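Visitor: I would like a close look at one part of this protein. Please pick a single loop residue, start there, and then work outward into the sheet around it.

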Amino acid sequence: MNTPMNLLVNGEQTSLAGVATVSDLISALSIGGNVAVEINSEIVSRSAFASHRLADGDEIEIVTAIGGG
């Protein structure tokens, strides 16, 4: 899949090629650590990251957990 996909990620319009799943997106954006992902107002479980397919125009929120004390 080399056709760029237009996605709204954390409020910013993004065009990415070669991104088919949530796992692909996280890798493409170089996001590490513990993350929560919501697509079109629905939470995607971590166990579904590799199988949840993205679609052109998806609205995605990615939140990274930050530890501290």
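Guide: Aspartate 58 sits in the loop between β4 and β5. The model is predicted, so read every distance here as computed from that model. Aspartate 58 is buried, because its relative accessible area is 8%, under the 20% limit.

Look at its side chain next. One polar contact, of 2.9 Å, links it to the side chain of asparagine 40. The aspartate 58 side chain also reaches the backbone nitrogen of alanine 55, at 2.8 Å. Leaving out residues up to four places away in sequence, aspartate 58 touches Asn6, Leu7, Leu8, Ile39 and Asn40. For a longer reach, take valine 22. It lies 36 residues from aspartate 58 along the chain, and their C-alpha atoms are 11 Å apart.

Now the sheet. It is open, has 5 strands and runs in the order β2-β1-β5-β3-β4, with mixed pairing. β2 (12–16) and β4 (42–44) are the edge strands, each pairing on one side only. On average, neighbouring strands are turned by 35° against each other, direction ignored.

Start with β5. This strand, residues 59–64, runs antiparallel to β3, residues 35–39, and 5 bridges join the two. Within that pairing, glutamate 38 has glutamate 61 in β5 as its bridge partner.

Isoleucine 60 is worth a stop. Setting aside neighbours within four places in sequence, isoleucine 60 is in contact with Leu7, Leu8, Val9, Asn10, Leu25, Val37, Glu38, Ile39 and Leu54. Isoleucine 60 also belongs to the largest nonpolar core, which has 16 residues. The residues with the most contacts inside that core are Val22, Leu25, Val37, Leu54 and Ile60. Valine 22, the far partner in the distance to aspartate 58, is thus on that list. β1, α1 (22–28), β3 and β5 each give two or more residues to the core.

Move on to β1. This strand covers residues 5–9 and is joined to β2 by 5 bridges, with the two running antiparallel. Asparagine 6, one of the residues that aspartate 58 touches, has serine 15 in β2 as its bridge partner. β1 and β2 form a hairpin with 2 residues between them.

Asparagine 10 is in the turn of that hairpin. Its phi is positive, about 50°, although asparagine 10 is not a glycine. Asparagine 10 counts as partly exposed because its relative accessibility is 38%.

Serine 30 also has a positive phi, near 55°, and it too is a residue other than glycine. Serine 30 lies in the loop between α1 and β3. At 66% relative accessibility, serine 30 counts as exposed.

Finish on β2, where threonine 14 is found. Threonine 14 counts as buried because its relative accessibility is 19%, and the limit is under 20%. A polar atom of the threonine 14 side chain lies 3.2 Å from the backbone oxygen of glutamate 12. Not counting neighbours within four places in sequence, threonine 14 is in contact with Met5, Asn6, Leu7 and Val9. Asn6 and Leu7 are also among the residues that aspartate 58 touches, which brings the tour back to the loop between β4 and β5.

Technical notes:
Residues numbered from 1 in each chain as written. Predicted model: local features only at pLDDT ≥ 70, side-chain atom pairs only at ≥ 80, totals over all residues. Heavy atoms only, no water. Pairing = 2+ DSSP bridges. Helix = DSSP H or I, 4+ residues; strand = E, 2+ residues; numbered from the N terminus. Axes fitted to C-alpha atoms, helices over the stretch in contact; angles between N-to-C directions. Buried < 20%, exposed > 50% of the residue type's maximum accessible area, 1.4 Å probe, protein only. Polar contact = N/O pair within 3.5 Å; in protein donor to acceptor, adjacent residues only side chain to side chain. Contact = heavy atoms within 4.5 Å. Core = buried A, V, L, I, M, F, W, Y, C linked by side-chain atoms within 4.5 Å.
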